[in-house]
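The following questions ask how the descriptive terms applied to a protein model are justified. Please consider each one with the structure in view.

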Amino acid sequence: MRIISKLFFVSNFVISKITRKQVWKKVRQKIGNIPHLSIDWDVLTDRFIEPVIWVVDHFADSLGKIFVSLVWLLIQFVVGVAYWIGLSFYWDISAELTIALVIFGHWILLNVVFHYYMALITPPGLPPDAEQIPHIKARCKKCQSVKPERTHHCSICRTCILRMDHHCPWLNNCVGHFNHRYFFLFMVYVVLGMIFLFIFGAPVIVHELSISDASEPIGYPVFHNGSHLLPVQVEEVSSPRSRSLRRAVSVTVAILCAGILAALGALVGWHARLISRGETSIENLTNKDDREAKRLEGSTFVNPYDYGSYENWRIFLGLSEGRTWWCVFFPSVHPPRGDGISWCFKNDLTHVSFT
């Protein structure tokens, strides 16, 4: 009966939500059909969004510093909990396994810290002076700087960025030509770290939650030496308050890791798709309109910066000039391919090979 009542409650809730949406849709239609009263819903939406944009424009710098501090604190918190709870758990199981996990975990941690720090301090790329590139005539309407291909103006940084992808508040910096690889690999290694923590952290959480406070015996063990009962020296048992704290911290880390894995996992997949197509986040929006226009014309849109998935990844990761995958699996400060101004790589067979 409880199950039936719960199903009935859920069904009523869903129906009420659908009904409310239908009622709101009818209200909008009736308001829009009133004579001498026309509402532009796009304008109305923009009016509600304008305060949000104002806050971002005026406080993005301060919020960015707060977000950066939160990232560093979160890294320290997760690593500290792994040492505090996870290390002792696996050490009691196997010292060899613990050493292997520590080495692998620190490899991930090294890449996370390195790529985040480099994405943080590396300038994304600013257009040079007009005298250095006289063949480029385009100018930015907002900052009046010269505007090469794939360059866009950031309203938060108040300058143009070479091959701008987006402004990241968690970096307090734009993601552009010179730090895009650091940003992407940071997310990849964070996702890898979250998977690592879930696989090897699940037994730890199960162990912490399975310990019952009431299971501890009252008193202390003793032994008989032939004439007297003497206490046995045992390791100090953690107090119920300490166990409750360990449980709370373990569950908190699990929830944080789940949220981070879901968010960054989706973001990594999205950016991997864009890299495979030779696009940035901004170009993806503009290319959608161009693709639709070409489709209506009966033709196919061709991205001039798309050299095929394989070559796009080689260009993005910098796997040229004799570099190997070691520069991806381990920290590397090599610059990206090109100067962020010229994008004609098809004639440069030294770095990009076409079959």
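A residue is called buried under 20% relative accessible area, exposed over 50%, and partly exposed in between, with a 1.4 Å probe and protein chains only. By this criterion the buried residues of α6 are Ser-281, Glu-283, Asn-284 and Asn-287. Helices (H or I, at least four residues) and strands (E, at least two) are DSSP runs, numbered from the N terminus. The model is predicted: local features need pLDDT of at least 70, side-chain atom pairs count only at pLDDT 80 or more, and totals for chains, interfaces and linings use all residues. Residues are numbered from 1 along each chain as its sequence is written, and side-chain values use heavy atoms, with hydrogens and water left out.

Q: How do you know how much confidence the predictor places in the chain and its elements?
A: The value to consult is pLDDT, the predictor's confidence in each residue, from 0 to 100. The chain has a mean of 81, and 72% of its residues reach 70 or more. Among the elements, helix α1 (residues 2-33) has the lowest mean, 49, and α3 the highest, 97.

Q: What makes residues 1-21 a segment to treat with caution?
A: Their pLDDT stays under 50, and the model gives them zero contacts (heavy atoms within 4.5 Å) beyond four places in sequence. Where pLDDT is low, the predicted coordinates should not be read in detail. Over residues 349-355 pLDDT also stays under 50, but there the model has 13 such contacts.

Q: How do you know that the span of helix α3 agrees with its number of residues?
A: The expected span is 1.5 Å times one less than the number of residues. For the 27 residues of α3 (residues 95-121) this gives 39 Å, and the end C-alpha atoms are 38 Å apart, so the two agree. Helix α6 (residues 281-297), with 17 residues, reaches 25 Å, close to the expected 24 Å.

Q: Why is the contact between Glu-208 and Arg-246 called a salt bridge?
A: The term requires a side-chain nitrogen of Lys or Arg within 4 Å of a carboxyl oxygen of Asp or Glu. The closest N and O atoms of Glu-208 and Arg-246 are 2.8 Å apart, and the pair forms a salt bridge. Glu-208 lies in helix α4 (residues 180-210) and Arg-246 in helix α5 (residues 240-276), so the pair ties together parts 38 residues apart in sequence. Both Glu-208 and Arg-246 are buried.

Q: Glu-279 also forms a salt bridge with Arg-291; why is Glu-279 called buried, and why is Arg-291 called partly exposed?
A: The closest N and O atoms of this pair are 2.6 Å apart. Glu-279 has 3% relative accessibility and therefore counts as buried, whereas Arg-291, at 28%, counts as partly exposed.

Q: Why are Glu-311 and Arg-314 both called buried?
A: Glu-311 has 6% relative accessibility and so counts as buried; Arg-314, with 17%, is buried too. Both lie in helix α7 (residues 309-317), three residues apart, about one turn of the helix.

Q: What makes phi notable at Asn-172, and why is Asn-172 called partly exposed?
A: Its phi is positive, about 50 degrees, although Asn-172 is not a glycine. Asn-172 has 25% relative accessibility and therefore counts as partly exposed. It is found in the loop between β3 (166-168) and β4 (173-175).
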